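Reader: I am new to this structure and would like to understand how the terms used for it are justified. Could you take me through them with care?

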Amino acid sequence: MKKTVTSVGVATLVGLGCLVLIGLLFSKLSGESEAAFITGPVLYLPTLINLAPAVDFTHDFETGDLSGWTRSKDDKAHEFQPTFEDNPTARGRGQPSQHQGDWWIGGYEKYQGPKAKGQVAGGIQGDAPIGDLTSIEFKIVGDKMNFLIGAGNHPWVEPKGEGSTCVNLEINGKMVMTETGKNTETMARVEWDVSKFKGQMAVIKLYDRNAGGWGHINFDDVKQTTNDGKEIPWEAILAVKAFGKLPTTLGQIKSDR
Ligand SMILES: [Ca+2]
Ligand SMILES: [Ca+2]
């Protein structure tokens with residue numbers, strides 16, 4: 001997903017206003033709960049209008065770049081990311097990446113596709129480089145969050161993750177959820193219960209602070225879902241951020257009155 005601000009923004013605001021009114025009417029008529037309001041109009045916003053978030057964010061790296069992700073100043077670990085296709089298999093590792101789509105974060109790999117100058121399929125950068133990769137700040141609107149993770153099993157160490165290879169959920173600069181790989185390049189999907197953080201702003205942060213064995217992290221395709229597993233489109237999540245005061249729940253609408 002990669003979208004930019006367009007003149008559609010004004011029309012979008014008008015559309016959103018209508019949707020909020022429809023949502024209020026709907027909830028009054030039917031007595032639907034706040035949660036039902038979210039899983040109704042907001043979930044299907046992208047199909048109803050041409051939503052144009054004012055921010056770029058690739059949650060699955062299918063843009064072929066790191067849109068919406070920031071490398072730390074000293075970062076060397078993510079210089080050649082994202083990785084293209086199953087590079088562990090291309091180098092005969094025997095541990096297929098099982099990534100989503102074509103692109104993913106493969107901390108050991110150095111292959112960004114056939115157009116990348118000086119790179120060949122199966123190329124590596126190894127475990128030595130270290131650095132962090134931080135997502136754009138987003139609002140937690142779902143009960144759960146899931147993503148693909150693989151590689152190093154070096155758990156988070158407070159306060160700065162010395163020697164860690166992990167993926168953290170951070171709120172106000174503090175780790176609130178953390179996960180490592182299992183010392184295999186093959187990624188598996190992990191799910192977090194983030195319901196108690198709903199309504200708060202957060203970032204996803206990838207840490208590679210380990211230059212030794214399994215000193216890298218693999219990652220792809222992060223999503224937020226409702227409690228019953230329905231995916232919440234990032235377009236809707238980022239629209240909340242883009243338009244700032246846009247109410248996302250009936251509770252917020254009421255509290256703004
Ligand atoms: Ca991907
Ligand atoms: Ca490393």
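Author: In this predicted model, 36% of the 257 residues of the protein chain count as buried.

Reader: What makes Trp 214 buried or exposed?

Author: A residue is called buried if 20 or more other C-beta atoms lie within 10 Å of its own, and Trp 214 has 20 other C-beta atoms within 10 Å, so Trp 214 is buried. Trp 214 lies in the loop between strand E10 (201-208) and strand E11 (217-225), and this residue, although not a glycine, has a positive phi of about 55 degrees.

Reader: Why is Asn 172 called buried or exposed?

Author: The word exposed applies to a residue with 12 or fewer other C-beta atoms within 10 Å, and since Asn 172 has 9 of them within that distance, Asn 172 is therefore exposed. Asn 172 also has a positive phi of about 55 degrees without being a glycine, and its place is the loop between E7 and strand E8 (174-179).

Reader: How do you know which kind of peptide bond joins Gln 81 and Pro 82?

Author: The omega angle of the bond between Gln 81 and Pro 82 is about 0 degrees, and the bond is a cis peptide bond; Pro 82 itself lies in the loop between strand E1 (69-71) and strand E2 (83-84). A cis peptide bond, with omega about 0 degrees, also joins Glu 158 and Pro 159, where Pro 159 belongs to the loop between strand E6 (144-151) and strand E7 (165-171).

Definitions and conventions
Residues are numbered from 1 along each chain as its sequence is written. Chains are lettered from A and ligands numbered from 1 in the order in which they are written. This is a predicted model: local features need pLDDT of at least 70, side-chain atom pairs count only at pLDDT 80 or more; totals for chains, interfaces and linings use all residues. Helices (H or I, at least four residues) and strands (E, at least two) are DSSP runs, numbered from the N terminus.
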